[in-house]
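I opened the notebook to record what I looked up in this protein. The entries are short and follow the order in which I checked things.

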Amino acid sequence: MLVGALALFAAVNAQTEKGSWVIGGSTTLGFNSATSKYKYDGESEDGPKVSTVTVTPSVAYFVANNIAVGVDLGISSISQKEESNNYSDKTTTTTISVMPTGTYYFKSASNILPYLGVGVGYASSKVKNTYTFGNQSGTDEEKVDGFAYKAKGGVVFLLNQSVGIDLGVSYMGINGKLDSDNDVKVNTGTVGVNAGVSVFFK
């Protein structure tokens with residue numbers, strides 16, 4: 001039993017040795033859709049419908065045992081739509097971010113690899129609003145560019161020596177300015193629950 005435990009410990013921690021690579025350590029594909037309904041004084045009205053899709057591929061290199069340095073590429077789209085009898089309004093926010101990251105993987109005697117990571121970089125968001133009111137309609141667009149930062153944590157459940165299921169949470173903040181007016185500052189923060197696949201190799 002002791003020999004088996006030692007063999008498992010060595011196999012698990014070999015994934016995070018210096019000189020190894022991990023692709024998709026933060027690769028996530030998430031989809032969320034929410035609707036709401038307001039009721040007051042016997043009448044009801046549909047609230048905004050919100051849909052979110054996020055894809056975050058990544059690649060990292062272990063510069064030391066358990067420490068990986070790499071890059072996360074984030075692409076997200078958030079849509080909010082609201083409709084009434086003669087009015088509709090849809091706002092879509094598309095964000096692209098490029099972020100160098102550092103991640104620490106904790107040693108483990110099982111097939112579970114906990115990790116914590118941080119990153120800083122650049123993000124650009126495009127906000128498009130389309131509305132219809134009676135016979136009138138129009139489209140407005142705005143862009144926000146700026147500094148981005150991220151913190152993440154989670155666990156990788158290893159299916160074998162090379163492939164694992166990645167479950168985690170993350171927070172990303174953006175401090176930017178409107179492209180049309182640099183005097184207007186925009187700060188945003190997003191919390192996400194992520195699921196993906198991690199592939200380790202040398």
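The entries below go from the overall layout to single residues.

**Entry 1: layout**

I noted at the outset that this is a predicted model. I then read off the secondary structure. The protein has 1 helix and 12 strands. The helix comes at the start: from the N terminus on, the order is α-β-β-β-β-β-β-β-β-β-β-β-β.

Next I took the totals. The protein has 202 residues, and 32% of them count as buried. Its accessible surface comes to about 12100 Å². Carbon and sulfur atoms own 60% of that surface. I also looked up how far apart in sequence the contacting residues are. Among contacts with a separation of 6 or more, 60% are between residues 24 or more positions apart.

**Entry 2: strand β12 and its partners**

I asked which strands β12 pairs with, starting with β11. The two run antiparallel, and 15 bridges join them. Strand β11 covers residues 163–178. One bridge puts Val-163 opposite Val-199 of β12. β11 and β12 form a hairpin, with 6 residues between them.

I then checked β1, residues 21–23. β1 also pairs with β12 in the antiparallel sense, over 3 bridges. Here Val-22 stands opposite Phe-200 of β12. I marked Phe-200 for the next entry.

**Entry 3: aromatic rings**

The search for ring pairs returned 8 aromatic pairs in the structure. I picked out Tyr-105 and Phe-200. Their ring centres are 6.1 Å apart and their planes stand at 75 degrees, so I logged the pair as edge-to-face. The cut-off for that label is a plane angle over 60 degrees.

Where do the two residues of this pair sit in the chain? Tyr-105 is in strand β8, residues 87–105. Phe-200 is in strand β12, residues 185–201. The pair links distant parts of the chain, 95 residues apart. Both Tyr-105 and Phe-200 are buried. I widened the view and found one aromatic cluster made of Phe-62, Tyr-105, Tyr-115 and Phe-200.

**Entry 4: nonpolar cores**

I kept one general point in mind: in soluble globular proteins, nonpolar side chains tend to be buried together. I then asked which residues make up the largest nonpolar core. It has 10 residues: Val-22, Ala-60, Phe-62, Ala-68, Tyr-105, Leu-113, Tyr-115, Val-156, Leu-158 and Phe-200. Three strands each supply at least two of these residues: β6, β9 (112–133) and β10 (136–158). I logged another core, of 5 residues, apart from this one. Among its members are Met-99, Ala-123, Met-172 and Ile-174.

The lists overlap. Phe-62, Tyr-105, Tyr-115 and Phe-200 of the aromatic cluster appear in the list for the largest core. Val-22, which stands opposite Phe-200, is listed there as well.

**Entry 5: Val-63**

I looked up one residue in β6, a strand that spans residues 58–64. Is Val-63 buried or exposed? Neither label fits: at 41% relative accessibility, Val-63 counts as partly exposed. Leaving out residues up to four places away in sequence, Val-63 touches Lys-18 and Val-69. Lys-18 is 45 residues away in sequence, yet the C-alpha atoms of Val-63 and Lys-18 are 5.5 Å apart.

**Entry 6: salt bridges**

A search of the whole structure gave 4 salt bridges. I began with Lys-150 and Asp-72, whose closest N and O atoms are 3.0 Å apart. Lys-150 lies in β10 and Asp-72 in β7 (residues 67–83), so this pair ties together parts 78 residues apart in sequence.

Asp-72 also meets Lys-152 in a salt bridge, at 3.4 Å from N to O. Lys-152 is in β10 and Asp-72 in β7, so these linked parts are 80 residues apart in sequence. I noted that Asp-72, Lys-150 and Lys-152 are linked in a network of salt bridges.

How accessible are these side chains? I checked each residue in turn. Asp-72 is buried, at 3% relative accessible area. Lys-150 counts as buried at 13%, and Lys-152 is buried at 12%.

I closed with Lys-126 and Glu-141, a salt bridge of 3.7 Å from N to O. Lys-126 is in β9 and Glu-141 in β10, 15 residues apart. Lys-126 counts as partly exposed, at 43% relative accessibility. Glu-141 is partly exposed too, at 49%.

How values were computed:
Residues numbered from 1 in each chain as written. Predicted model: local features only at pLDDT ≥ 70, side-chain atom pairs only at ≥ 80, totals over all residues. Heavy atoms only, no water. Helix = DSSP H or I, 4+ residues; strand = E, 2+ residues; numbered from the N terminus. Buried < 20%, exposed > 50% of the residue type's maximum accessible area, 1.4 Å probe, protein only. Contact = heavy atoms within 4.5 Å. Areas by Shrake-Rupley, 256 points an atom, 1.4 Å probe, with all protein chains shown as cover. Phe/Tyr/Trp six-rings, centres within 6.5 Å; stacked < 30°, edge-to-face > 60°. Pairing = 2+ DSSP bridges. Core = buried A, V, L, I, M, F, W, Y, C linked by side-chain atoms within 4.5 Å. Salt bridge = Lys/Arg side-chain N within 4 Å of Asp/Glu carboxyl O.
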